[in-house]
Amino acid sequence: MNKKNRNSFSGSLGFVLAAAGSAVGLGNIWRFPYLAARDGGGLFLLIYILLAVTFGFTLLITEVAIGRRSQQGPLTAYKFFNPKWAFLGWLSFVIPYIIYPYYCVIGGWVLKYFATYLSLSGKDAVADDFFSSFITSQWEPLILMAIFAMMCFYIVYKGVEKGIEKYSRIIMPALVIMVTFICIYSLFISHTDANGVTRTGLEGAVIYFLPNFDGLTLRRILMISLDAMGQLFYSLSIAMGIMVAYGSYMKKSVNLGQAIDRIEVFDTLIAVLAGLMIIPAVYVFMGTEGMGAGPGLMFIALPKVFDHLGAFGMIIGMVFFLMVLFAAVTSAVSILEAIVTSVMDKFGWSRGKSVCIMAGTGFLWSVVVCLGYNVFYFEYTLPNGAMAQILDIFDYVSNNLLMPILAIFTCILVGWVVKPKLLVGEMRLNGYRFRRKKLYIVMLKYVVPIMLTILLLTAFIKF
(Lines give C-alpha, C1' and ligand atoms only; values in the text may rest on other atoms or scores of the structure.)
Protein backbone atom coordinates (compact mmCIF):
# COMPACT_ATOMS: atom_id res chain seq x y z
CA MET A 1 0.00 0.00 0.00
CA ASN A 2 1.40 3.40 -0.98
CA LYS A 3 2.16 5.35 2.18
CA LYS A 4 1.52 8.65 0.38
CA ASN A 5 -2.05 7.58 -0.25
CA ARG A 6 -2.46 6.02 3.17
CA ASN A 7 -5.59 6.98 5.09
CA SER A 8 -5.03 9.00 8.24
CA PHE A 9 -6.90 10.60 11.09
CA SER A 10 -7.48 14.34 10.64
CA GLY A 11 -5.54 15.16 13.81
CA SER A 12 -5.03 14.41 17.50
CA LEU A 13 -8.73 14.62 18.42
CA GLY A 14 -9.72 12.25 15.62
CA PHE A 15 -7.14 9.69 16.74
CA VAL A 16 -8.04 10.00 20.44
CA LEU A 17 -11.80 9.61 19.81
CA ALA A 18 -11.29 6.63 17.49
CA ALA A 19 -8.77 4.93 19.80
CA ALA A 20 -10.91 5.67 22.85
CA GLY A 21 -13.90 4.32 20.93
CA SER A 22 -11.98 1.11 20.41
CA ALA A 23 -10.93 0.97 24.05
CA VAL A 24 -14.37 1.87 25.41
CA GLY A 25 -16.26 -1.23 24.40
CA LEU A 26 -17.92 -4.23 26.00
CA GLY A 27 -14.75 -4.64 28.05
CA ASN A 28 -15.54 -1.44 29.92
CA ILE A 29 -19.33 -1.51 29.98
CA TRP A 30 -19.84 -5.23 30.58
CA ARG A 31 -16.65 -6.89 31.81
CA PHE A 32 -15.21 -4.18 34.10
CA PRO A 33 -18.30 -3.81 36.35
CA TYR A 34 -18.73 -7.53 37.00
CA LEU A 35 -15.03 -7.97 37.78
CA ALA A 36 -15.12 -4.96 40.09
CA ALA A 37 -18.22 -6.32 41.84
CA ARG A 38 -16.73 -9.80 42.17
CA ASP A 39 -13.32 -8.59 43.37
CA GLY A 40 -14.42 -6.31 46.18
CA GLY A 41 -15.16 -3.02 44.48
CA GLY A 42 -12.68 -0.44 45.73
CA LEU A 43 -9.76 -2.85 46.02
CA PHE A 44 -10.12 -3.92 42.38
CA LEU A 45 -10.49 -0.27 41.37
CA LEU A 46 -7.29 0.72 43.18
CA ILE A 47 -5.24 -2.11 41.67
CA TYR A 48 -6.72 -1.49 38.21
CA ILE A 49 -5.79 2.21 38.21
CA LEU A 50 -2.24 1.44 39.42
CA LEU A 51 -1.82 -1.12 36.63
CA ALA A 52 -3.39 1.21 34.03
CA VAL A 53 -0.74 3.91 34.58
CA THR A 54 2.14 1.40 34.56
CA PHE A 55 1.41 -1.92 32.85
CA GLY A 56 -1.31 -0.64 30.49
CA PHE A 57 0.49 2.58 29.65
CA THR A 58 3.65 0.67 28.66
CA LEU A 59 1.91 -1.66 26.21
CA LEU A 60 -0.33 1.07 24.81
CA ILE A 61 2.57 3.42 24.02
CA THR A 62 4.60 0.58 22.51
CA GLU A 63 1.89 -0.53 20.10
CA VAL A 64 0.85 2.95 18.95
CA ALA A 65 4.50 3.94 18.46
CA ILE A 66 5.19 0.74 16.47
CA GLY A 67 2.32 1.63 14.16
CA ARG A 68 3.30 5.27 13.65
CA ARG A 69 7.01 4.56 13.26
CA SER A 70 6.43 1.85 10.64
CA GLN A 71 3.35 3.43 8.99
CA GLN A 72 2.13 -0.13 8.47
CA GLY A 73 -0.64 -2.39 9.71
CA PRO A 74 0.00 -5.06 12.35
CA LEU A 75 0.70 -7.86 9.86
CA THR A 76 3.77 -6.08 8.43
CA ALA A 77 4.72 -3.57 11.16
CA TYR A 78 6.86 -5.94 13.23
CA LYS A 79 8.84 -7.04 10.17
CA PHE A 80 9.73 -3.37 9.62
CA PHE A 81 11.77 -3.42 12.84
CA ASN A 82 13.34 -6.85 12.41
CA PRO A 83 12.54 -9.36 9.60
CA LYS A 84 13.21 -12.29 11.95
CA TRP A 85 10.30 -11.15 14.13
CA ALA A 86 7.73 -11.12 11.33
CA PHE A 87 5.85 -13.94 13.13
CA LEU A 88 4.56 -11.33 15.60
CA GLY A 89 2.77 -9.67 12.70
CA TRP A 90 0.92 -12.88 11.91
CA LEU A 91 0.07 -13.31 15.59
CA SER A 92 -1.31 -9.76 15.77
CA PHE A 93 -3.42 -10.56 12.70
CA VAL A 94 -4.76 -13.88 14.00
CA ILE A 95 -5.85 -12.46 17.39
CA PRO A 96 -8.38 -9.89 16.08
CA TYR A 97 -9.45 -12.39 13.41
CA ILE A 98 -10.43 -14.80 16.21
CA ILE A 99 -12.05 -12.09 18.36
CA TYR A 100 -14.12 -10.38 15.66
CA PRO A 101 -16.57 -13.29 15.01
CA TYR A 102 -17.58 -13.77 18.62
CA TYR A 103 -17.65 -10.02 19.25
CA CYS A 104 -20.28 -9.74 16.49
CA VAL A 105 -22.29 -12.50 18.19
CA ILE A 106 -22.24 -10.62 21.52
CA GLY A 107 -23.11 -7.44 19.60
CA GLY A 108 -26.19 -9.26 18.33
CA TRP A 109 -27.13 -10.10 21.93
CA VAL A 110 -26.90 -6.42 22.86
CA LEU A 111 -29.04 -5.54 19.85
CA LYS A 112 -31.66 -8.03 21.09
CA TYR A 113 -31.89 -6.33 24.49
CA PHE A 114 -32.00 -2.85 22.97
CA ALA A 115 -34.83 -3.92 20.63
CA THR A 116 -36.66 -5.49 23.57
CA TYR A 117 -36.61 -2.25 25.59
CA LEU A 118 -37.26 -0.11 22.50
CA SER A 119 -40.47 -2.08 21.88
CA LEU A 120 -41.43 -1.51 25.55
CA SER A 121 -41.17 -5.24 26.26
CA GLY A 122 -38.56 -4.90 29.02
CA LYS A 123 -40.60 -7.09 31.38
CA ASP A 124 -39.86 -10.04 29.11
CA ALA A 125 -36.14 -9.65 29.80
CA VAL A 126 -36.71 -10.20 33.54
CA ALA A 127 -37.59 -13.89 33.06
CA ASP A 128 -34.79 -16.18 34.26
CA ASP A 129 -34.73 -18.11 30.99
CA PHE A 130 -34.96 -15.05 28.65
CA PHE A 131 -31.25 -14.89 27.89
CA SER A 132 -30.66 -18.64 27.62
CA SER A 133 -33.74 -19.25 25.46
CA PHE A 134 -32.64 -16.45 23.12
CA ILE A 135 -29.04 -17.58 22.56
CA THR A 136 -30.10 -21.22 22.14
CA SER A 137 -32.72 -20.36 19.49
CA GLN A 138 -31.46 -20.90 15.96
CA TRP A 139 -32.49 -17.97 13.77
CA GLU A 140 -32.92 -14.84 15.88
CA PRO A 141 -29.31 -14.65 17.14
CA LEU A 142 -28.09 -15.19 13.56
CA ILE A 143 -30.26 -12.38 12.18
CA LEU A 144 -29.29 -9.89 14.90
CA MET A 145 -25.61 -10.82 14.58
CA ALA A 146 -25.86 -10.20 10.81
CA ILE A 147 -27.40 -6.74 11.40
CA PHE A 148 -24.64 -5.84 13.86
CA ALA A 149 -21.94 -7.12 11.46
CA MET A 150 -23.40 -5.02 8.60
CA MET A 151 -23.17 -1.88 10.75
CA CYS A 152 -19.48 -2.57 11.37
CA PHE A 153 -18.89 -3.43 7.70
CA TYR A 154 -20.36 -0.12 6.54
CA ILE A 155 -18.27 2.04 8.89
CA VAL A 156 -14.97 0.29 8.06
CA TYR A 157 -15.80 0.29 4.34
CA LYS A 158 -16.12 4.08 4.46
CA GLY A 159 -12.49 4.34 5.57
CA VAL A 160 -10.59 6.04 8.38
CA GLU A 161 -11.56 9.71 8.28
CA LYS A 162 -15.00 9.36 6.61
CA GLY A 163 -15.92 6.19 8.47
CA ILE A 164 -14.20 5.40 11.77
CA GLU A 165 -13.34 8.98 12.79
CA LYS A 166 -16.64 10.47 11.59
CA TYR A 167 -18.79 8.04 13.54
CA SER A 168 -16.51 8.12 16.60
CA ARG A 169 -17.01 11.90 16.78
CA ILE A 170 -20.77 11.29 17.04
CA ILE A 171 -20.91 8.11 19.10
CA MET A 172 -18.32 8.87 21.80
CA PRO A 173 -19.85 12.15 23.09
CA ALA A 174 -23.30 10.51 23.04
CA LEU A 175 -21.94 7.54 24.99
CA VAL A 176 -20.39 9.82 27.65
CA ILE A 177 -23.68 11.71 28.08
CA MET A 178 -25.65 8.47 28.52
CA VAL A 179 -23.14 6.97 30.97
CA THR A 180 -23.15 10.14 33.06
CA PHE A 181 -26.97 10.29 33.09
CA ILE A 182 -27.37 6.70 34.30
CA CYS A 183 -24.58 7.17 36.89
CA ILE A 184 -26.34 10.14 38.47
CA TYR A 185 -29.64 8.28 38.46
CA SER A 186 -28.10 5.15 40.05
CA LEU A 187 -26.66 7.16 42.93
CA PHE A 188 -30.01 8.54 44.07
CA ILE A 189 -32.27 5.50 43.94
CA SER A 190 -33.31 3.55 47.05
CA HIS A 191 -35.30 0.40 47.77
CA THR A 192 -36.75 -1.35 50.82
CA ASP A 193 -36.77 -5.13 50.51
CA ALA A 194 -39.22 -7.68 51.95
CA ASN A 195 -37.24 -7.78 55.21
CA GLY A 196 -37.61 -4.02 55.69
CA VAL A 197 -33.96 -3.30 54.84
CA THR A 198 -33.49 -0.08 52.89
CA ARG A 199 -30.48 0.24 50.59
CA THR A 200 -29.45 3.33 48.62
CA GLY A 201 -27.32 3.94 45.54
CA LEU A 202 -24.94 6.06 47.57
CA GLU A 203 -24.28 3.09 49.88
CA GLY A 204 -23.53 0.98 46.80
CA ALA A 205 -21.11 3.67 45.58
CA VAL A 206 -19.27 3.53 48.93
CA ILE A 207 -18.83 -0.25 48.52
CA TYR A 208 -17.61 0.35 44.97
CA PHE A 209 -15.06 3.05 45.78
CA LEU A 210 -13.75 2.14 49.25
CA PRO A 211 -11.27 -0.79 49.33
CA ASN A 212 -12.16 -3.55 51.78
CA PHE A 213 -9.03 -5.06 53.31
CA ASP A 214 -10.83 -7.45 55.67
CA GLY A 215 -9.41 -10.97 55.41
CA LEU A 216 -7.09 -9.87 52.63
CA THR A 217 -4.43 -12.44 51.68
CA LEU A 218 -1.52 -12.41 49.25
CA ARG A 219 -3.33 -14.97 47.10
CA ARG A 220 -6.41 -12.72 46.88
CA ILE A 221 -4.28 -9.70 45.89
CA LEU A 222 -2.65 -11.82 43.19
CA MET A 223 -6.03 -13.00 41.86
CA ILE A 224 -7.43 -9.46 41.75
CA SER A 225 -4.24 -8.21 40.05
CA LEU A 226 -4.50 -10.92 37.41
CA ASP A 227 -8.16 -10.01 36.79
CA ALA A 228 -7.19 -6.35 36.44
CA MET A 229 -4.34 -7.20 34.05
CA GLY A 230 -6.60 -9.33 31.90
CA GLN A 231 -9.19 -6.55 31.89
CA LEU A 232 -6.61 -4.02 30.67
CA PHE A 233 -6.17 -6.00 27.44
CA TYR A 234 -9.87 -5.44 26.77
CA SER A 235 -10.06 -1.93 28.16
CA LEU A 236 -7.11 -0.49 26.23
CA SER A 237 -7.42 -2.71 23.13
CA ILE A 238 -3.83 -3.86 23.51
CA ALA A 239 -2.26 -7.05 22.06
CA MET A 240 -4.97 -7.17 19.38
CA GLY A 241 -3.18 -5.30 16.58
CA ILE A 242 -5.74 -2.48 16.92
CA MET A 243 -3.45 0.18 18.37
CA VAL A 244 -0.71 -0.68 15.87
CA ALA A 245 -3.25 -0.11 13.07
CA TYR A 246 -4.53 3.14 14.56
CA GLY A 247 -0.99 4.32 15.25
CA SER A 248 -0.15 3.80 11.57
CA TYR A 249 -2.92 6.27 10.69
CA MET A 250 -1.62 8.93 13.10
CA LYS A 251 0.07 11.96 11.56
CA LYS A 252 3.69 12.61 12.52
CA SER A 253 2.77 16.10 13.72
CA VAL A 254 0.57 14.75 16.55
CA ASN A 255 1.97 14.76 20.10
CA LEU A 256 1.99 11.00 20.68
CA GLY A 257 2.53 11.15 24.46
CA GLN A 258 -0.30 13.60 24.98
CA ALA A 259 -2.64 11.52 22.81
CA ILE A 260 -1.80 8.37 24.80
CA ASP A 261 -2.44 10.20 28.09
CA ARG A 262 -5.87 11.28 26.85
CA ILE A 263 -6.79 7.73 25.82
CA GLU A 264 -5.72 6.41 29.23
CA VAL A 265 -7.73 9.04 31.10
CA PHE A 266 -10.81 8.69 28.89
CA ASP A 267 -10.81 4.90 28.97
CA THR A 268 -10.25 4.65 32.74
CA LEU A 269 -12.91 7.29 33.39
CA ILE A 270 -15.51 5.41 31.31
CA ALA A 271 -14.60 2.11 33.00
CA VAL A 272 -14.98 3.68 36.46
CA LEU A 273 -18.27 5.33 35.46
CA ALA A 274 -19.53 2.03 34.02
CA GLY A 275 -18.99 0.44 37.42
CA LEU A 276 -20.63 3.42 39.11
CA MET A 277 -23.78 3.19 36.99
CA ILE A 278 -24.19 -0.59 37.40
CA ILE A 279 -22.89 -1.63 40.85
CA PRO A 280 -24.92 0.81 43.03
CA ALA A 281 -28.13 -0.04 41.12
CA VAL A 282 -27.58 -3.79 41.48
CA TYR A 283 -26.70 -3.34 45.18
CA VAL A 284 -29.90 -1.36 45.85
CA PHE A 285 -32.25 -4.06 44.55
CA MET A 286 -30.23 -7.25 44.95
CA GLY A 287 -27.77 -6.54 47.77
CA THR A 288 -24.17 -7.74 47.85
CA GLU A 289 -25.34 -11.15 46.60
CA GLY A 290 -26.50 -9.60 43.32
CA MET A 291 -23.08 -8.02 42.87
CA GLY A 292 -21.63 -11.51 42.47
CA ALA A 293 -23.66 -12.22 39.33
CA GLY A 294 -20.48 -12.44 37.23
CA PRO A 295 -20.72 -12.34 33.43
CA GLY A 296 -24.52 -12.44 33.69
CA LEU A 297 -24.56 -9.06 35.45
CA MET A 298 -25.52 -7.11 32.32
CA PHE A 299 -27.81 -9.57 30.56
CA ILE A 300 -29.50 -11.21 33.57
CA ALA A 301 -29.18 -9.07 36.73
CA LEU A 302 -29.63 -5.57 35.23
CA PRO A 303 -33.01 -6.25 33.57
CA LYS A 304 -34.29 -7.19 37.05
CA VAL A 305 -33.00 -3.86 38.33
CA PHE A 306 -34.72 -1.95 35.51
CA ASP A 307 -37.96 -3.81 36.28
CA HIS A 308 -37.87 -2.55 39.88
CA LEU A 309 -37.80 1.02 38.55
CA GLY A 310 -41.26 0.72 37.04
CA ALA A 311 -42.19 2.61 33.85
CA PHE A 312 -39.05 4.75 34.03
CA GLY A 313 -36.99 1.55 34.15
CA MET A 314 -38.10 0.85 30.58
CA ILE A 315 -36.56 4.15 29.45
CA ILE A 316 -33.39 3.58 31.49
CA GLY A 317 -33.07 0.08 30.02
CA MET A 318 -33.46 1.42 26.48
CA VAL A 319 -30.85 4.16 27.04
CA PHE A 320 -28.50 1.71 28.73
CA PHE A 321 -28.57 -0.90 25.97
CA LEU A 322 -28.30 1.81 23.29
CA MET A 323 -25.15 2.96 25.05
CA VAL A 324 -23.80 -0.60 25.23
CA LEU A 325 -24.62 -1.02 21.54
CA PHE A 326 -22.62 2.13 20.71
CA ALA A 327 -19.69 0.80 22.73
CA ALA A 328 -19.89 -2.61 21.06
CA VAL A 329 -19.93 -1.07 17.56
CA THR A 330 -16.88 1.16 18.15
CA SER A 331 -14.88 -1.78 19.49
CA ALA A 332 -15.95 -4.23 16.77
CA VAL A 333 -15.12 -1.61 14.11
CA SER A 334 -11.60 -1.23 15.49
CA ILE A 335 -11.10 -5.02 15.55
CA LEU A 336 -12.22 -5.32 11.92
CA GLU A 337 -10.03 -2.34 10.95
CA ALA A 338 -6.96 -4.05 12.44
CA ILE A 339 -7.61 -7.08 10.19
CA VAL A 340 -8.40 -4.96 7.12
CA THR A 341 -5.37 -2.67 7.35
CA SER A 342 -3.15 -5.74 7.77
CA VAL A 343 -4.18 -7.31 4.46
CA MET A 344 -4.18 -3.93 2.68
CA ASP A 345 -0.53 -3.40 3.63
CA LYS A 346 0.53 -7.01 3.13
CA PHE A 347 -1.14 -7.77 -0.21
CA GLY A 348 -1.79 -4.30 -1.63
CA TRP A 349 -5.54 -4.92 -1.80
CA SER A 350 -8.01 -2.04 -2.02
CA ARG A 351 -10.02 -1.15 1.08
CA GLY A 352 -13.22 -2.41 -0.58
CA LYS A 353 -11.75 -5.80 -1.43
CA SER A 354 -10.10 -6.14 1.99
CA VAL A 355 -13.27 -5.31 3.93
CA CYS A 356 -15.43 -7.64 1.82
CA ILE A 357 -13.06 -10.62 2.21
CA MET A 358 -12.19 -10.15 5.89
CA ALA A 359 -15.72 -9.21 7.03
CA GLY A 360 -17.16 -11.99 4.84
CA THR A 361 -14.99 -14.76 6.27
CA GLY A 362 -15.44 -13.31 9.76
CA PHE A 363 -19.21 -13.50 9.26
CA LEU A 364 -18.98 -17.21 8.45
CA TRP A 365 -17.12 -17.83 11.70
CA SER A 366 -19.76 -15.74 13.54
CA VAL A 367 -22.41 -18.13 12.21
CA VAL A 368 -20.44 -21.07 13.65
CA VAL A 369 -20.18 -19.31 17.04
CA CYS A 370 -23.94 -18.57 17.02
CA LEU A 371 -24.77 -22.17 16.23
CA GLY A 372 -22.47 -23.25 19.07
CA TYR A 373 -25.42 -22.79 21.41
CA ASN A 374 -27.77 -25.08 19.48
CA VAL A 375 -26.82 -27.02 16.31
CA PHE A 376 -23.09 -27.31 17.18
CA TYR A 377 -23.54 -27.38 20.96
CA PHE A 378 -20.99 -29.29 23.00
CA GLU A 379 -19.19 -28.86 26.31
CA TYR A 380 -15.42 -28.79 26.61
CA THR A 381 -13.31 -28.43 29.73
CA LEU A 382 -10.59 -25.81 29.30
CA PRO A 383 -7.12 -26.22 30.86
CA ASN A 384 -8.13 -23.75 33.60
CA GLY A 385 -11.08 -25.97 34.53
CA ALA A 386 -13.82 -23.80 33.02
CA MET A 387 -16.62 -25.43 31.02
CA ALA A 388 -16.75 -23.98 27.52
CA GLN A 389 -18.72 -23.78 24.29
CA ILE A 390 -17.38 -22.48 20.95
CA LEU A 391 -17.51 -18.80 21.97
CA ASP A 392 -15.68 -19.54 25.22
CA ILE A 393 -12.98 -21.48 23.35
CA PHE A 394 -12.43 -18.56 20.94
CA ASP A 395 -12.19 -16.19 23.91
CA TYR A 396 -9.82 -18.45 25.85
CA VAL A 397 -7.42 -18.95 22.92
CA SER A 398 -7.32 -15.24 22.04
CA ASN A 399 -7.45 -13.61 25.48
CA ASN A 400 -5.81 -16.14 27.79
CA LEU A 401 -3.14 -17.50 25.44
CA LEU A 402 -2.32 -15.49 22.31
CA MET A 403 -2.66 -11.94 23.68
CA PRO A 404 -0.21 -12.44 26.58
CA ILE A 405 2.20 -14.27 24.22
CA LEU A 406 2.10 -11.41 21.69
CA ALA A 407 2.59 -8.82 24.44
CA ILE A 408 5.56 -10.72 25.94
CA PHE A 409 7.36 -11.00 22.60
CA THR A 410 6.59 -7.35 21.77
CA CYS A 411 8.29 -6.32 25.02
CA ILE A 412 11.31 -8.49 24.16
CA LEU A 413 11.51 -7.14 20.60
CA VAL A 414 11.32 -3.45 21.58
CA GLY A 415 13.05 -3.71 24.94
CA TRP A 416 15.98 -5.98 24.05
CA VAL A 417 16.32 -6.43 20.27
CA VAL A 418 15.70 -3.03 18.67
CA LYS A 419 16.10 -1.20 22.03
CA PRO A 420 13.61 1.27 23.59
CA LYS A 421 15.55 4.27 22.22
CA LEU A 422 13.88 3.87 18.82
CA LEU A 423 10.32 4.26 20.14
CA VAL A 424 11.37 6.85 22.71
CA GLY A 425 12.55 8.89 19.72
CA GLU A 426 9.09 8.48 18.16
CA MET A 427 7.53 9.82 21.37
CA ARG A 428 9.88 12.84 21.27
CA LEU A 429 9.22 13.66 17.63
CA ASN A 430 8.89 17.41 16.94
CA GLY A 431 10.51 18.20 20.31
CA TYR A 432 7.63 16.84 22.44
CA ARG A 433 8.49 15.72 25.99
CA PHE A 434 8.21 12.12 27.15
CA ARG A 435 7.59 12.59 30.87
CA ARG A 436 7.47 8.92 31.86
CA LYS A 437 10.49 7.78 29.86
CA LYS A 438 12.36 6.08 32.74
CA LEU A 439 9.23 4.34 34.00
CA TYR A 440 8.46 3.20 30.46
CA ILE A 441 11.90 1.63 29.90
CA VAL A 442 11.96 -0.21 33.25
CA MET A 443 8.41 -1.50 32.78
CA LEU A 444 9.03 -2.53 29.17
CA LYS A 445 12.27 -4.44 29.76
CA TYR A 446 11.68 -6.04 33.13
CA VAL A 447 8.37 -5.64 34.97
CA VAL A 448 5.73 -6.09 32.23
CA PRO A 449 7.24 -9.29 30.70
CA ILE A 450 7.32 -10.92 34.15
CA MET A 451 3.73 -9.88 34.89
CA LEU A 452 2.60 -11.16 31.49
CA THR A 453 4.34 -14.50 32.01
CA ILE A 454 2.50 -14.97 35.32
CA LEU A 455 -0.78 -14.03 33.58
CA LEU A 456 -0.11 -16.55 30.81
CA LEU A 457 0.63 -19.34 33.30
CA THR A 458 -2.74 -18.83 34.99
CA ALA A 459 -4.41 -19.98 31.78
CA PHE A 460 -3.30 -23.51 32.72
CA ILE A 461 -4.17 -23.40 36.43
CA LYS A 462 -7.49 -24.61 37.83
CA PHE A 463 -8.96 -22.27 40.43
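At 0% relative accessibility, tyrosine 113 counts as buried, where buried means under 20% relative accessible area, exposed over 50% and partly exposed in between, using a 1.4 Å probe and protein chains only. The model is predicted, so local features need pLDDT of at least 70 and side-chain atom pairs count only at pLDDT 80 or more, while totals for chains, interfaces and linings use all residues. Residues are numbered from 1 along each chain as its sequence is written, and side-chain values use heavy atoms, with hydrogens and water left out.

Tyrosine 113 belongs to helix H5; helices (H or I, at least four residues) and strands (E, at least two) are DSSP runs numbered from the N terminus. Not counting residues up to four places away in sequence, tyrosine 113 touches Ala125, Phe130, Phe131, Phe299, Pro303 and Phe321, contact being heavy atoms within 4.5 Å. One of these partners, proline 303, is 190 residues from tyrosine 113 along the chain, yet their C-alpha atoms are separated by 9.1 Å.

Helix H5 itself is worth following along its length. Of its 32 residues, 26 are buried, so H5 is largely enclosed by the rest of the structure. At 1.5 Å a residue, H5 should span 46 Å, and its end C-alpha atoms are indeed 46 Å apart; the expected span is 1.5 Å times one less than the number of residues. H5 bends by about 25° at tyrosine 100, with proline 101 following within four residues. The bend at a residue is the angle between axes fitted to the seven residues ending there and the seven starting there.

After H5 comes leucine 120, in the loop between H5 and helix H6 (130-136). Leucine 120 has a positive phi of about 60° although it is not a glycine. Most residues other than glycine have a negative phi. Serine 237, in the loop between helix H10 (218-236) and helix H11 (242-248), also carries a positive phi, of about 55°, without being a glycine. Their surroundings can be read from the accessibilities: leucine 120 is exposed, with a relative accessible area of 64%, whereas serine 237 is buried, at 2%.

Aromatic pairs come next. The structure holds 31 of them; rings of Phe, Tyr and Trp (its six-membered ring) pair if their centres lie within 6.5 Å, and planes under 30 degrees apart count as stacked, over 60 as edge-to-face and the rest as tilted. Tryptophan 109 and tyrosine 373 form an edge-to-face pair, 5.9 Å centre to centre with 70° between the planes. This pair links distant parts of the chain, 264 residues apart: tryptophan 109 is in H5 (residues 87-118), and tyrosine 373 is in the loop between helix H15 (351-371) and strand S3 (380-381). Both tryptophan 109 and tyrosine 373 are buried. A tilted pair, 5.0 Å centre to centre with 55° between the planes, is formed by tyrosine 185 and phenylalanine 312. Here the link runs between helix H8 (residues 160-187), which holds tyrosine 185, and helix H14, which holds phenylalanine 312, 127 residues apart. Tyrosine 185 is partly exposed, with a relative accessible area of 24%, and phenylalanine 312 is partly exposed too, at 32%. Ring pairs also join residues into a cluster that includes Trp109, Tyr113, Phe320 and Tyr373.

Phenylalanine 320, a cluster member, lies in helix H14 and is buried, with a relative accessible area of 1%. Leaving aside neighbours within four places in sequence, phenylalanine 320 is in contact with Ile29, Ile182, Met277, Ile278, Met298, Leu302 and Phe306.

The largest nonpolar core has 166 residues, and those with the most contacts inside it are Phe55, Trp109, Phe233, Met277, Met298 and Phe320. Such a core is a set of buried Ala, Val, Leu, Ile, Met, Phe, Trp, Tyr and Cys residues joined through side-chain atoms within 4.5 Å. Its largest share, 20 residues, comes from helix H14 (residues 311-347). Beyond four places in sequence, the contacts of phenylalanine 233 include Phe55, Leu59, Met403 and Leu455.

Helix H4 (residues 74-81) completes the picture of burial: six of its eight residues are buried, so H4 is largely enclosed by the rest of the structure. The buried residues of H4 pack against helix H3 (42-70), H5, H11, H14, helix H16 (390-417) and helix H17 (421-427).
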